[in-house]
Amino acid sequence: QLLPKTFDVSSRAVGVNHRVEEAQAEKEQSTEQKLMGALEGSAEVYSEEKLEDGDHYADHYKDHLAHCSKVSNLKRDEQLDQMAKKLGLSPPNPGPWLAMFTQIADRLDVAIVVTDMKTPGLPVTYVNKACTKLTGYTQDDFVGRNCRFLQGRRTEGAAVRAMTTAIRKADDLTIKVTNYRKDKTEFVLVLALHPVHDTSGEYRYQIGIQCDASRWSSEQALFEKVRKALPTHFESSAQQTKYDESLTKVDTKAQRKQWADSLKKFTRLVWSMDWDTTLKQFMDEQQALQAFYGYLSKTSPNEALQLEMCMNAKQLEALPEEQAAAAAIQMCANYLGIQAAIGEAALGSLNTQVEQSMTALALEALPKFVQSKACIPILEKMLEGSDDNMKRADDLLWADYKVPDDVAGWLHSFVSVAMTYPACIVISDMTIPGNPMCFVNSEFCRVTGYDLREVQGRNCRFLQGPRTEPQSVAVIQDTLRRGADCHVKITNYRKSGELFENLLTMRPVHDSNGVYRYCIGVQFEITPNDPKLKSRLAKLDKLIQLLPKTFDVSSRAVGVNHRVEEAQAEKEQSTEQKLMGALEGSAEVYSEEKLEDGDHYADHYKDHLAHCSKVSNLKRDEQLDQMAKKLGLSPPNPGPWLAMFTQIADRLDVAIVVTDMKTPGLPVTYVNKACTKLTGYTQDDFVGRNCRFLQGRRTEGAAVRAMTTAIRKADDLTIKVTNYRKDKTEFVLVLALHPVHDTSGEYRYQIGIQCDASRWSSEQALFEKVRKALPTHFESSAQQTKYDESLTKVDTKAQRKQWADSLKKFTRLVWSVSSQAVGMTHKRDEPEAEKGNTEARIMAALEGAKSVYSEETLEDGDFYADHYKEHLEHCSKVAQVGHAISHAAPEKKPGQQSGGGGKPGLAPKKSTGLGLFASPRVAPKA
């Protein structure tokens, strides 16, 4: 409205009078209407103008580049000039490097695709006409999307893995792969991948040359000619990146302001760590308490009344005993409707109710208040002056990560809070190719078993492995590209190779300019039959509500504006519904993602172990290297001992089972594919169960006794035993048991090698070769036990609290209050019949009623004969030790106790199993 249409001059007319021709429709529309119409593409031509082909305008751009080369510093590119010459083309006009390359590619009859390696998601940035002709997709279909949309159900997983590896490592590759045209027809593509770097060493582009395999004989010569002529590098200054690092520069004042603003938001995150403790802190802060009370008075009067009771009850602590008792009687009448006659009883009732009310308020009301606008003044008051001393947290971040100035305040405040948060939290930088994690917190390291140095700067995909669900990975890829929240259940791998189920939440974070900057990941380990699952999920829900989606920056846009694409179904669901859906495995993919074979992810875990060996103290194992050499295999990548052993076992055609001797019940911790093929049971059927489930009615008792004795005594044993496959068919198994100790002498693993006796003649040689090559021991530090004694350490205060709590309950032992979990979660499996009245079950047992609820073989009673005899031998040894001690004791001086403080004749106590009470007459059913 402010732009002029005319201006006054004092001269005569300097040219012809121009008549303004405005159509009636233009006169009737306001500027706003015209702008909206233009946006919708409805602008009209009112004169009889010929609508020319778009090719007519192509020269405008090229001509101007030629002009630019004359008036600016744009230079020619020697490699591109050479490429054009080799292909019989005129050299391109000077301009940005990509523009010069496309001038050549536009004139070729070979399909060419260029991918930008500096943009998250690796989108196509250019395709030529030959490529659109080959695939049927338009340039608009290609640009901005990753090339994987050409893949489909019959695309070879091995080819995808090879391409992914070549792209990551910047290697040249020529390969055949099944792709799909726009009309859904299938074709085999010959694809050559070629990386291009700039002179600073940055990996900038990936050029793909494509050819229909059915036309290879006629097109091979041109394909190879173009492939050999491709450039390998260009001047860094010849092509700017889409993400411009120079634009992140902001002054210290802006950083301090961002720090203070972020601190207000993340203080809420600190409070959410422990709502009970936060509420107690509020009770001591009069201003915070009054704000909370005012909020509840408006939103929930009943909860306001509960808080009022808690506030008044706290004031009783400052009163003399008699006054406090009288006040308690009055408060019981006012708040509880109880007429108490005795002050002590009134105080007891009041304290019980206050405790319950505090728990209830901390569970629901306080989190709602903290997330509300009513809490903002409290935060500002508490954090007054914090913008004057921004605290950097560089020691918590990836050492090679350069924090952009425009996000420094936000990032340093967030990681300061997240480091000690009792949930696995990671942050990935979405502006860096590969989206590496610039931050992981302590809980992530504890749960996964990795050291900080081993994971910082890596993509989180290393947690994936062969049994990771393809559908879950597709959900992750889909949501990351769309910039939508992700909630998915996925099977991951710890550093030890142990599997765990993970409820993964990812929150994309954009800056105020719409640039996709970070992704926050929260991992929630799922344990079977978790009685606290509901309350843990509620806490996770509240944590997710507090995670930021955007943050303010004072810089200009440093990259392209990323459009968040959220499906309608995602918008309509609450976070709680999404989490429950993910737990049930119902997370959906809203874009056309190919669900790849799980084997595609096998390399992620192995590759990361190789990386860990470089950055950490992981060492090779001499015995395992020798084992691999004897069996004609390459040595395993350094890692935890069990992970190295399984790398060898995975490649063998002999069935192998590994049992963890440090875990109660001696569960199977690993089986290879040869074992699942032999028995018909899957790895899921095996892992976590004792191998006895393979036994049945005709399993020989003598063989079971021999195996049990060998396992107990850590002896080698080769034996034949009747076992049962999953389909219930019976077969005779040749089994070799082999114990493995660590260097501290601890009995750590039992390795079992198995062979079908009916195939012994053909498989004996390999069986014996493997058996003789097995390791006998390893360094104690090379494999942690699942039970970590160091995690049991707590201070005296925590012990006293545990004692007091336990003493109140008296009949129960509260085994863990302040310590972390010291071992793996044990799944309690209680049949319905066992949940009945205890007295009735005792009476039934007295009458001889016994039921076995799992598939246990009922062995011959002779099996237990050794228990009693072996324990008598044990007794004779420790009695002799005691006898020797009593005779070796020095002559007693007057007043001195015998045996240097011990009782003469008594052996030191040594623990032994309850099995010693079993004898030949013990009933097998019992």
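1. Strand 10 (residues 499–511) is mostly covered, with 11 of its 13 residues buried. The model is a predicted one, and this strand is a convenient place to begin reading it.

2. On one side in sequence, strand 10 is preceded by strand 9 (residues 486–493), and the two run antiparallel, joined by eight bridges. One of the pairs is His-487 with Thr-505, the latter in strand 10. The two strands make a hairpin with five residues between them. In that turn Gly-497 has a positive phi of about 95°.

3. Strand 10 also pairs with strand 11, again in the antiparallel sense, over 10 bridges. Here His-510 has Tyr-516 of strand 11 as its bridge partner. Four residues lie between the strands of this hairpin, and Gly-514 in the turn takes a positive phi of about 85°.

4. A further pairing of strand 10 is with strand 12 (residues 550–551), which runs parallel to strand 10 and is joined to it by two bridges. His-510 appears here as well: its bridge partner in strand 12 is Thr-550.

5. Val-522 is a useful residue to look at in strand 11 (residues 516–526). Its relative accessibility is 1%, so Val-522 counts as buried. Leaving aside neighbours within four places in sequence, Val-522 is in contact with residues including Leu-503, Leu-504 and Thr-505, as well as Cys-424, Ile-425, Leu-540, Leu-543 and Leu-547. The C-alpha atoms of Val-522 and Val-426 are 6.7 Å apart, although 96 residues separate the two along the chain.

6. The largest nonpolar core has 40 residues. Leu-411, Phe-414, Ile-427, Leu-503, Tyr-518 and Leu-540 have the most contacts inside this core. Elements that each supply at least two of its residues include strand 7 (424–429), strand 10, strand 11 and helix 21 (533–546). Helix 17 gives the largest share, seven residues. Not counting residues up to four places away in sequence, Leu-540 touches Leu-503, Val-522, Phe-524 and Leu-579.

7. A second, separate core has 35 residues, among them Trp-271, Met-311, Ala-365 and Phe-369.

8. Elsewhere in the chain, helix 29 (residues 701–713) can be checked for regularity. At 1.5 Å a residue, its 13 residues should span 18 Å, and the end C-alpha atoms are 18 Å apart, which agrees. Ala-703, Val-704, Met-707 and Ala-710 are buried in this helix. Seen down the axis, the buried residues of helix 29 fall within an arc of 130°, so they line one face. An α-helix has 3.6 residues a turn, so residues three or four places apart point the same way.

9. The buried residues of helix 29 pack against three strands: strand 15 (717–724), strand 16 (730–742) and strand 17 (747–756). Just after the helix, Ala-714 takes a positive phi of about 60°.

10. On confidence, the chain has a mean pLDDT of 82, and 83% of its residues reach 70 or more. Two stretches call for caution. Residues 811–822 stay under 50 in pLDDT, and the model has 22 contacts for them beyond four places in sequence. Residues 885–916 are also below 50, with 19 contacts in the model beyond near neighbours in sequence. Where pLDDT is low, the predicted coordinates should not be read in detail.

Conventions
Residues numbered from 1 in each chain as written. Predicted model: local features only at pLDDT ≥ 70, side-chain atom pairs only at ≥ 80, totals over all residues. Heavy atoms only, no water. Buried < 20%, exposed > 50% of the residue type's maximum accessible area, 1.4 Å probe, protein only. Contact = heavy atoms within 4.5 Å. pLDDT = per-residue confidence, 0-100. Expected span 1.5 Å × (residues − 1). Arc of directions from axis to C-beta. Pairing = 2+ DSSP bridges. Core = buried A, V, L, I, M, F, W, Y, C linked by side-chain atoms within 4.5 Å.
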